[in-house]
There are 6 protein chains.
Amino acid sequence: MIVLINPNATAAMTQAMARVAQDHLPRHTVEGWTSTDGPAAIQGPEDGALAVPPLLSLVQKANERGAQAILIGCFDDTGLSQARAIADCPVIGIGQAGYQVAAAVGRRFSVVTTLAVSVPVLEANITAYGLDPHLARVRASGVPVLQVETAQHAILDEIHAAQREDDIDTVVLGCGGMTTLVDTAQTQTGLRVIDGVRAAASIAAAVA
Amino acid sequence: MIVLINPNATAAMTQAMARVAQDHLPRHTVEGWTSTDGPAAIQGPEDGALAVPPLLSLVQKANERGAQAILIGCFDDTGLSQARAIADCPVIGIGQAGYQVAAAVGRRFSVVTTLAVSVPVLEANITAYGLDPHLARVRASGVPVLQVETAQHAILDEIHAAQREDDIDTVVLGCGGMTTLVDTAQTQTGLRVIDGVRAAASIAAAVA
Amino acid sequence: MIVLINPNATAAMTQAMARVAQDHLPRHTVEGWTSTDGPAAIQGPEDGALAVPPLLSLVQKANERGAQAILIGCFDDTGLSQARAIADCPVIGIGQAGYQVAAAVGRRFSVVTTLAVSVPVLEANITAYGLDPHLARVRASGVPVLQVETAQHAILDEIHAAQREDDIDTVVLGCGGMTTLVDTAQTQTGLRVIDGVRAAASIAAAVA
Amino acid sequence: MIVLINPNATAAMTQAMARVAQDHLPRHTVEGWTSTDGPAAIQGPEDGALAVPPLLSLVQKANERGAQAILIGCFDDTGLSQARAIADCPVIGIGQAGYQVAAAVGRRFSVVTTLAVSVPVLEANITAYGLDPHLARVRASGVPVLQVETAQHAILDEIHAAQREDDIDTVVLGCGGMTTLVDTAQTQTGLRVIDGVRAAASIAAAVA
Amino acid sequence: MIVLINPNATAAMTQAMARVAQDHLPRHTVEGWTSTDGPAAIQGPEDGALAVPPLLSLVQKANERGAQAILIGCFDDTGLSQARAIADCPVIGIGQAGYQVAAAVGRRFSVVTTLAVSVPVLEANITAYGLDPHLARVRASGVPVLQVETAQHAILDEIHAAQREDDIDTVVLGCGGMTTLVDTAQTQTGLRVIDGVRAAASIAAAVA
Amino acid sequence: MIVLINPNATAAMTQAMARVAQDHLPRHTVEGWTSTDGPAAIQGPEDGALAVPPLLSLVQKANERGAQAILIGCFDDTGLSQARAIADCPVIGIGQAGYQVAAAVGRRFSVVTTLAVSVPVLEANITAYGLDPHLARVRASGVPVLQVETAQHAILDEIHAAQREDDIDTVVLGCGGMTTLVDTAQTQTGLRVIDGVRAAASIAAAVA
């Protein structure tokens with residue numbers, strides 16, 4: 001069993017992410033768990049900090065139930081290092097997975113995320129993972145997490161802007177809720193479009 | 001179609017690697033191509049340099065035939081940046097893929113490779129990819145590439161030594177020919193054992 | 001008001017640290033708060049992760065009460081970045097404060113901490129703060145956190161070993177409970193001995 | 001006794017800095033020494049180089065008189081590494097102290113200094129100290145060192161510009177003569193305002 | 001004998017570079033070899049990749065003939081690490097030599113090269129050599145490699161722009177064909193103007 | 001005119017270094033100047049600091065006399081950045097020049113210097129120049145600066161030890177006085193042996 005934990009309380013996002021992960025892990029059973037005590041959406045470092053305590057409870061529970069891998073379904077990778085300290089199995093963050101895959105397939109990537117408040121969080125993570133030489137720019141689309149599905153137009157506009165201005169061959173979608181946007185973005189731009197959920201599921205497939 | 005190119009001339013290694021890659025890419029057709037003008041085995045930087053010209057010819061051919069992804073089946077990642085300059089699709093090296101996956105799932109890894117002559121090549125690559133903060137040590141088992149299948153005992157001994165001495169939770173198998181060793185190594189040690197071929201195939205699954 | 005929060009549940013440590021901090025902040029009132037829901041001692045990353053949720057509750061409370069600065073009294077700096085995301089005032093970790101002061105006054109320092117399980121945690125922090133060029137070595141004395149006061153001999157032995165072997169001019173005491181050891185260590189060795197609690201209090205004095 | 005050495009020949013600056021340092025070191029006697037053979041002000045690398053010889057003479061003298069700590073009162077940290085090689089006690093530069101304190105309390109800082117000629121000097125120092133991940137920008141206010149006290153308006157304007165444009169929570173005052181500006185700057189902007197003299201004195205309090 | 005290999009097929013460039021190198025190596029015989037199977041000019045990573053196979057053949061030949069040093073006369077340093085793996089003597093790239101000399105004599109340099117397609121190649125090299133702290137900017141003049149001699153005006157314009165905008169004391173000419181431009185550029189700007197061919201020849205003089 | 005300034009007071013070393021430099025700068029006149037107010041030998045950071053004031057006086061004098069380049073003939077590169085701030089022409093340190101040339105021609109180098117007290121000085125310089133990825137180890141031969149010419153045996157022993165133990169292809173001679181040892185060391189070991197004086201003179205030839 002592989003558990004995808006969504007640290008925010010929005011069950012629809014959990015389901016969308018778990019569906020994609022299951023699709024990329026045909027030999028495993030993927031369960032999607034929602035952190036019902038977390039914030040409705042994680043936007044910026046304060047939300048991230050408040051999401052940690054209930055997330056760690058779920059990580060402990062998944063570990064006790066014998067999960068073979070745990071995916072943290074928040075692009076901020078909030079609580080990731082602490083979750084790793086608790087769990088016996090691999091814990092994979094969709095942010096880190098997305099960046100590592102981007103670094104392994106492309107020359108230079110930009111990230112298109114939701115609100116400006118998340119930009120410094122993602123920048124600091126990319127630096128901490130040692131991947132900033134591959135980074136062109138982290139861009140905010142201005143679309144809040146909970147409107148990602150309905151405001152795809154604004155996100156695609158920002159991806160087009162990244163393509164025009166950033167000298168990149170790869171774009172990383174900077175929010176778990178953008179997992180449904182991959183095909184459209186790829187078709188419209190010809191860029192390599194990396195989705196953290198697919199990336200994390202694929203990395204789990206390589207190690208679980 | 002996804003093409004795994006083995007830059008050395010040993011067809012048995014090509015087949016073993018292509019089989020594992022196909023297994024991790026159930027929705028794609030994987031072809032294994034052998035660089036028949038390459039050296040029989042790539043051990044050290046001189047072999048790597050001589051392998052580059054015939055490898056680039058095959059990359060060009062795979063690109064012309066419309067490959068959706070190209071996997072370079074040599075743990076030295078020899079010619080990888082040049083292959084990327086030629087191809088339109090993602091080009092994934094089994095060395096880099098193995099390190100990126102190791103960095104995404106574990107705290108600290110060692111690499112167990114074949115001969116001592118390859119150690120500085122792999123160390124330089126890991127530094128160039130920005131992943132040296134995750135690296136404990138690159139270790140040579142003393143087993144030549146073409147004896148990897150028959151001398152598994154010596155390789156497992158080195159993996160045990162890494163486990164005892166290197167303060168790691170993850171080991172990366174440092175040769176494409178070690179792809180058949182994953183299960184044994186994982187069972188015997190309890191470490192996370194990363195195989196570059198599985199890692200590269202999984203990353204291809206995330207992007208192709 | 002300046003609040004020193006001890007993320008572990010041992011009130012005697014809180015008092016010892018708060019007394020030293022008050023002494024270095026003569027113009028402010030220092031309160032020492034104990035995280036009674038935290039582990040009795042924080043030794044290694046698992047303890048650190050479990051200490052985060054109750055620590056963040058106390059940070060929120062200190063922030064609401066208008067603290068001018070918050071000192072996190074655990075040398076692991078556990079939860080530090082998340083605490084900063086929540087608080088409006090400066091949040092200072094005794095680990096980071098100790099390293100920054102050591103970097104500002106000496107050429108090269110070693111850290112002497114409690115158990116081996118904490119060594120990789122401290123090493124990772126020092127790297128993340130960009131201070132590893134100043135670091136000689138993080139050393140474990142083998143003394144558990146709760147015996148630091150009664151087993152001073154073993155800690156002093158390790159400090160002497162660092163002086164003999166590490167080519168340093170400065171040693172950082174790697175546990176909040178070692179705050180009472182500073183004078184003895186300095187007198188016996190002639191090294192510059194940095195205590196994280198004094199360092200954090202002094203930095204608070206510079207900014208609060 | 002703690003000695004604050006001003007490497008430039010302007011005695012009024014020495015007195016202002018020594019007064020602030022004394023205030024933050026209530027248990028020590030602070031003496032302010034002026035390098036009467038130094039340039040009137042240190043603006044750019046050429047002034048800095050010419051200031052080194054007479055500065056080192058004073059360092060030697062302070063060392064012979066048994067100083068417990070030496071503060072170098074020039075934000076360029078000119079001659080700092082050489083002074084450390086000569087002195088037995090800690091030698092603390094007001095530039096480095098300011099940056100280390102800023103790194104320990106804030107997320108990201110800008111520096112506001114005097115003339116453009118000093119900007120590359122300060123940038124190089126921050127990089128050498130390993131603190132550039134915390135740096136937003138080094139900004140020149142255009143105010144010469146000897147007019148800092150009378151042209152506070154232009155400096156405050158530049159601090160406001162940093163607040164608007166640099167995505168920071170902390171500003172470091174980039175000249176010893178700005179030590180009288182801290183309260184005004186903090187009140188007007190709400191930023192954390194770090195003064196190198198206070199920072200150096202506080203670090204001395206932690207170690208002397 | 002010292003061999004300068006031009007990886008592109010344009011013999012006039014080989015002769016110009018060999019003449020300059022001979023001039024700086026008065027005690028050695030310099031031979032200029034043209035890679036007649038290489039592209040007419042190397043502009044961007046694709047040309048660079050295609051230039052590698054015939055270049056490595058010539059490196060092998062020079063090595064067999066007992067060359068005391070080999071200079072690779074392409075500013076992209078294409079195939080440099082692979083050439084080093086094959087040759088017994090020092091192999092010096094005109095790009096790397098130019099940057100190392102610039103780092104040894106100046107504070108900060110910009111590079112003025114030919115087309116925009118080469119900019120990311122040069123940037124990646126400078127980072128890989130550890131010299132990016134010295135780099136201000138890599139600038140494209142828009143002049144193709146084969147028109148460098150006839151369109152000197154546009155290149156000089158870009159050098160003037162670098163002088164005005166980049167806060168530099170040194171400019172590196174980013175193409176082997178610019179070797180004839182050194183004196184004019186130096187006279188017109190007063191900058192230190194570094195030519196990779198002179199730099200490589202001088203380094204060869206220090207070691208051969 | 002090119003001036004080689006020896007920051008120590010030993011005129012015989014000045015002459016030996018100036019002779020080698022003149023030999024590598026056939027088109028220029030090389031003058032060797034001795035800093036008669038400097039220490040007899042520079043061994044460790046304290047000597048280095050005391051050497052700076054008289055060195056800077058000579059740099060100023062050389063600058064006034066219109067030197068086209070200034071070579072600082074001390075492997076510690078003491079006062080180098082300050083000398084650059086004063087001079088209008090390129091100022092080249094024999095330490096930095098030696099490392100840059102080593103980085104440009106070899107894979108990995110060790111440095112063999114005089115006494116252990118100089119090792120941390122050289123290590124810090126190599127890190128500051130960004131060249132530590134190329135460094136294997138800085139080794140002390142135990143031979144004081146003023147006995148380098150008479151105790152060549154002990155230095156050659158240390159070079160042999162570096163060859164056996166350090167996995168290097170290049171050794172840098174870590175003292176200006178070792179300039180007469182190059183040929184012997186190269187013949188006996190087959191390593192590439194880099195002498196800072198030759199390196200600095202060659203770099204001057206490329207730019208003056």
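This report describes chain contacts and sheet architecture in a predicted model.

## Interface of chain A and chain B

Chain A and chain B each bring 29 residues to their contact. The area buried between chain A and chain B is about 2200 Å², and carbon and sulfur atoms give 52% of that area.

Two salt bridges are counted between chain A and chain B. One of the salt bridges joins the side chains of Asp23(A) and Arg27(B), with an N to O distance of 3.5 Å. Polar contact across the interface of chain A and chain B amounts to 11 residue pairs, with both residues at pLDDT 80 or more. On the side of chain A that touches chain B, the elements giving two or more residues are the helices α1 (11-24), α4 (94-105) and α8 (196-207) and the strands β4 (91-93) and β8 (192-195), each of chain A. The largest share of that side comes from α8(A), with seven residues.

## Relation of chain A to chain B

A turn of 180° with a shift of 0.0 Å along the axis lays chain A on chain B, and the RMSD is 0.0 Å. This is how copies related by a two-fold axis stand to one another. Of the interface residues of chain A, 100% are also interface residues in chain B, so the two copies meet through the same surface.

## Interface of chain A and chain C

The contact between these chains takes 12 residues from chain A and 12 residues from chain C. About 980 Å² is buried between chain A and chain C, with 70% of the area given by carbon and sulfur atoms. In chain A, the residues that lose the most area to chain C are Ala49(A), Gln82(A) and Ala85(A); together they account for 40% of what that side buries.

Zero salt bridges are found across the interface of chain A and chain C. One residue pair is in polar contact there, with both residues at pLDDT 80 or more. Two helices of chain A, α2 (45-64) and α3 (80-86), are the elements that give two or more residues to the side touching chain C. With eight residues, α2(A) gives the most to that side.

## Relation of chain A to chain C

Chain A superposes on chain C with an RMSD of 0.0 Å after a turn of 180° and a shift of 0.0 Å along the axis. Within chain A, the C-alpha nearest the axis belongs to Pro53(A) and is 2.3 Å from the axis. Both copies use the same surface, as 100% of the contact residues of chain A recur in chain C.

## Chain pairs without contact

Two pairs of chains can be noted here. Chain B and chain D do not touch, and their nearest C-alpha atoms are 16 Å apart. Chain C and chain E do not touch either, with 16 Å between their nearest C-alpha atoms.

## Sheet and helices in chain B

Chain B contains an open sheet of four strands in the order β6-β5-β7-β8, with parallel pairing. At its edges are β6 (135-140) and β8 (192-195) of chain B, each of which pairs on one side only. From one strand to the next, the twist averages 20°.

In chain B, β5 (residues 109-113) and β7 (residues 170-173) pair in parallel through four bridges. Val112(B) has Leu173(B) as its bridge partner in β7(B). Helix α5 (residues 119-128) of chain B packs on the sheet and touches β5 and β6 of chain B, and its direction makes about 155° with that of β6(B). Helix α6 (residues 152-165) of chain B lies across β5, β6 and β7 of chain B and runs at about 155° to β6(B).

## Sheet and helix in chain D

In chain D, four strands form an open sheet with parallel pairing and the order β6-β5-β7-β8. Strands β6 (135-140) and β8 (192-195) of chain D have a single partner strand each, so one side of each is left without a neighbour in the sheet. The twist from one strand to the next averages 20°.

Strands β5 (residues 109-113) and β7 (residues 170-173) of chain D run parallel and are joined by four bridges. Opposite Ser110(D) stands Val171(D) in β7(D). Helix α6 (residues 152-165) of chain D lies across β5, β6 and β7 of chain D, at about 150° to β6(D).

Methods. Residues are numbered from 1 along each chain as its sequence is written. Chains are lettered from A and ligands numbered from 1 in the order in which they are written. Side-chain values use heavy atoms; hydrogens and water are left out. Two strands pair if DSSP finds at least two bridges between them. Axes are lines fitted to C-alpha atoms, for helices over the stretch in contact, and angles run from 0 to 180 degrees between N-to-C directions. Contact means heavy atoms within 4.5 Å. Copies are superposed by least squares on the C-alpha atoms of residues with pLDDT of at least 70 in both. Buried area is the accessible area (1.4 Å probe) that two parts lose on being put together, summed over both. A salt bridge is a side-chain nitrogen of Lys or Arg within 4 Å of a carboxyl oxygen of Asp or Glu. A polar contact is a pair of N or O atoms within 3.5 Å; within protein, one must be able to donate a hydrogen and the other to accept it, and residues adjacent in sequence count only if both atoms are side-chain atoms.
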